[in-house]
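Reader: I would like to go through this structure step by step. Please keep the answers short and show the reasoning.

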Amino acid sequence: MEKIENKVSVIIPIYNGSIYIENLFDQFDRQTYTRLEILFIDDGSTDGSDQIINNMILGREISSKQYRLIIQQNTGQGGARNRGIEEATGDYLVFVDQDDYIKEDYIEQLLKKATLSDCDIVISGYEHVTIGGEVKEHVELTNSEWCRFMNITPWGKIYRTAYVIENKIRFLPVPLGEDIYFNILCYSLAKQIAFTDYVGYQWVINEKSVSNTVHKAVSEESNVLRLFEALINMDSAENWTKDDQYRYFILKTGIFHLLYAAKDTTVKRLLEYRDEIFQWMDHNIPGIEKNELISYNKPVGERTGVRYAVFIFMILRRLRLDGMFLRFFHFM
């Protein structure tokens, strides 16, 4: 009997991405694994993205790679990915962002790892690159528990579709942290998670991307506490809040969002936001500021720059100098 290969559904949210579409098609045309269903979810684009996609689909010969266009009103990246999950017919799910790149063997390598390990999720590393292709950061995962939090995005992974569907795992309908919520929920319910040191995803530094334009200033829609509230209300929240690595991840997320939003937020609002974040953490995850992983050499596997940033910020906080630092950082 002929062996039936697994079908992989690739979900790509599109929002005013007309300049990226030809490149996306080229990438998938070159993939070494060919039993693919490529789902373009046009999320209310106004630049003719849907027509460009449709024309490129019509211009392709029939093959084992199936291209589909799904058009919907704008719901945000999380909503578009959710629609992709509902429409997918493959055995596995892969997510790709419209302005990023994947290597020719990307899907083949992740699928091979998933089938050999018989797991629900495979997590891989990534490269952070400029629009011109210069690699600014190469993140290669080692087989450690911290890998779960080294890449918390939906890209750089492959998911078993039946597992996602059966557990009703979906993205939050919010612009900040919808991917973190999705993956924490996935980790909570997965029977087995695998890691690979293979790096085949390139995350492009794009200052005009949706994430980089929505998240810079503190606002109601980009408030990280919306994510934290969703996480604390998960059924598995009690178990997660006892996990030192998870507690460190929440602390890191709060600190980095403060720093990311600092330059485009008034000093007064930034300091208020700092108080809101730490009051929430202290109330909902008591003792989070005393986590033993807050160190210059922990967690093992985390990038040196990230460890140092969290460690130094928490030293300043204990000395009550974090407010002065945020003021300085705002004006840098």
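Reader: Is Cys-147 buried or exposed?

Author: The model is a predicted one. Buried means under 20% relative accessible area. The value for Cys-147 is 2%, so Cys-147 counts as buried.

Reader: How far is the nearest cysteine sulfur from that of Cys-147?

Author: A disulfide needs two cysteine sulfur atoms within 2.5 Å. Cys-147 is in no disulfide. Its nearest cysteine sulfur belongs to Cys-119, at a distance of 13 Å.

Reader: And which cysteine has the sulfur nearest to Cys-186?

Author: Cys-186 is buried, with a relative accessible area of 0%. Cys-186 is in no disulfide either, and the search of the whole structure finds 0 disulfides. The nearest cysteine sulfur is 12 Å away and is that of Cys-119.

Reader: Which strands are the edges of the open sheet of 4 strands?

Author: The order is E5-E11-E7-E8, with mixed pairing. An edge strand pairs on one side only. That description fits strand E5 (101-102) and strand E8 (135-139).

Reader: Which residue stands opposite Ile-102?

Author: E5 pairs with strand E11, residues 201-204. The sense is antiparallel, over 2 bridges. Opposite Ile-102, in E11, stands Tyr-201.

Reader: What is the geometry of the pair formed by the rings of Tyr-126 and Trp-203?

Author: The structure holds 24 aromatic pairs. In this one the ring centres are 5.9 Å apart and the planes are at 70°. Planes over 60 degrees apart count as edge-to-face. The pair is therefore edge-to-face.

Reader: How many residues apart are Tyr-126 and Trp-203?

Author: Tyr-126 is in strand E7 (residues 126-129), and Trp-203 is in strand E11. Tyr-126 is buried at 4% relative accessibility, whereas Trp-203 is partly exposed at 32%. The pair links distant parts of the chain, and the separation is 77 residues.

Reader: How many residues apart in sequence are the parts tied together by Phe-149 and Phe-249?

Author: These two form a stacked aromatic pair, 5.1 Å centre to centre with 25° between the planes. Both are buried. Phe-149 lies in helix H5 (residues 147-150) and Phe-249 in helix H11 (residues 244-261), so the parts tied together are apart in sequence by 100 residues.

Reader: Which residues form one aromatic cluster with Phe-149 and Phe-249?

Author: Phe-149 and Phe-249 belong to one aromatic cluster. The other members are Trp-146, Tyr-187, Trp-240, Tyr-246 and Tyr-248.

Reader: Over which ring does the charged end of Arg-317 sit?

Author: A charge counts as over a ring within 6 Å of the centre and within 35 degrees of the normal. Arg-60 lies over the face of Tyr-67, at 5.7 Å from the ring centre. The charged end of Arg-317 is 3.8 Å from the centre of its ring, that of Phe-278.

Reader: What does helix H3 reach from its first C-alpha to its last?

Author: H3 covers residues 76-87, which is 12 residues. At 1.5 Å a residue, 16 Å is expected. The helix comes close to that, reaching 17 Å.

Reader: Which helices do the buried residues of H3 pack against?

Author: The buried residues of H3 include Gly-78, Ala-80, Arg-81 and Ile-85. The buried residues pack against strands E1, E2, E3 and E4. They also pack against helix H6 (161-166) and helix H7 (178-189).

Reader: Which residues is Glu-302 in contact with, leaving aside its neighbours within four places in sequence?

Author: Glu-302 lies in the loop between helix H12 (267-284) and helix H13 (304-318). Glu-302 is buried, with a relative accessible area of 3%. Beyond those neighbours, its contacts are Trp-146, Met-150, Lys-252 and Arg-307.

Notes:
Residues numbered from 1 in each chain as written. Predicted model: local features only at pLDDT ≥ 70, side-chain atom pairs only at ≥ 80, totals over all residues. Heavy atoms only, no water. Pairing = 2+ DSSP bridges. Buried < 20%, exposed > 50% of the residue type's maximum accessible area, 1.4 Å probe, protein only. Expected span 1.5 Å × (residues − 1). Contact = heavy atoms within 4.5 Å. Phe/Tyr/Trp six-rings, centres within 6.5 Å; stacked < 30°, edge-to-face > 60°.
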